[in-house]
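Me: I want to practise reading a fold from its contacts. Can we take one feature at a time?

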Amino acid sequence: MGGDPLTDLATRLQAACLAAGSTVALAESCTGGMVATAVTEIAGSSGYFVGGIVSYSNEAKRDLLGVDPAVLAAHGAVSAQVARAMAIGARERFGATLAASVTGIAGPDGGTAAKPVGLTYIGVADEAGADVRRIVWSGDRSSNRRESAIAVLEMLLERAAPPAVATGMPPAGARR
């Protein structure tokens, strides 16, 4: 593909989801809708993308995604536990087969020794359960947000696509 990574990944995700008959929902915090924007930039995204929620505040995470206030209080908005709950909540609320979430500290302020600027958690949920990845970016706010959006699409693609679709290459041992 060779263009913008967000566009390339969104195009590949769309192909994988349409081929599998999967639907996708999103719950975004630090990316502020950047992932949904990338997905909907691709014509035909309505064939698999059911919607997204930008849940920037704890109240939005609680009220719109069903994140337990006790989890927010115990672990904070930027945590693996909240990312997992956001992904599960988006999947349930939208009735999607696959959902992703992202929560993080984009910067330049808001970091601590325990939770530095750039700390990001990405969650993905499907019928098999939910997984979360922890990443610490080292860029500025714009870079951290963009890298987070790319990572969300990569994680969705890993979950949505068989290896041949995810990589653009046939599986090992496959004939061309």
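Reply: Yes. This is a predicted model. Start with a single side chain. Gln14 touches Ile42, Ala43, Gly44, Ser45 and Tyr48, leaving aside residues up to four places away in sequence.

Me: Where is Gln14 found?

Reply: In helix H1.

Me: Is Gln14 buried or exposed?

Reply: Compare its relative accessible area with the cut-off. Buried means under 20%. Gln14 has 9%, so it counts as buried.

Me: Which backbone atom lies 3.2 Å from a polar atom of the Gln14 side chain?

Reply: The backbone nitrogen of Ser45. Ser45 is also on the contact list of Gln14.

Me: Next, the nonpolar core. How do I read one?

Reply: Begin with its size and its best-connected members. The largest nonpolar core has 30 residues. Those with the most contacts inside it are Leu13, Val24, Leu26, Val152, Leu153 and Leu156.

Me: Which elements each supply at least two residues of this core?

Reply: Three helices and three strands are on that list: H1 (5–20), H2 (34–40) and H6 (141–160), with S1 (24–28), S3 (98–104) and S4 (119–126). The largest share, nine residues, comes from H6.

Me: What does Val24 touch?

Reply: Skip residues up to four places away in sequence. Val24 then touches Cys17, Tyr48, Phe49, Val50, Gly51, Ala96, Leu98 and Leu156. Val24 and Leu156 are both among the core residues with the most contacts.

Me: How many residues does the second, separate core have?

Reply: It has 12. Among them are Ala25, Ala27, Val82 and Met86.

Me: Now strands. In what sense do S4 and S5 pair?

Reply: Look at direction, then at the bridges. S4 and S5 (residues 129–136) pair in the antiparallel sense, over eight bridges. Two residues lie between these strands, and the pair forms a hairpin.

Me: Which residue in S5 does Tyr121 stand opposite?

Reply: Arg134.

Me: Last, a loop. Where is Pro116 found?

Reply: In the loop between S3 and S4.

Me: What is the relative accessible area of Pro116?

Reply: Its value is 26%. Partly exposed runs between the 20% and 50% cut-offs, so Pro116 falls in that class.

Me: What does Pro116 touch?

Reply: Ile105, Gly111 and Val136, again not counting residues up to four places away in sequence. Check sequence separation against distance in space too. Pro116 and Ala106 are 10 residues apart in sequence and 9.4 Å apart in space, C-alpha to C-alpha.

Notes: Residues numbered from 1 in each chain as written. Predicted model: local features only at pLDDT ≥ 70, side-chain atom pairs only at ≥ 80, totals over all residues. Heavy atoms only, no water. Core = buried A, V, L, I, M, F, W, Y, C linked by side-chain atoms within 4.5 Å. Buried < 20%, exposed > 50% of the residue type's maximum accessible area, 1.4 Å probe, protein only. Helix = DSSP H or I, 4+ residues; strand = E, 2+ residues; numbered from the N terminus. Contact = heavy atoms within 4.5 Å. Polar contact = N/O pair within 3.5 Å; in protein donor to acceptor, adjacent residues only side chain to side chain. Pairing = 2+ DSSP bridges.
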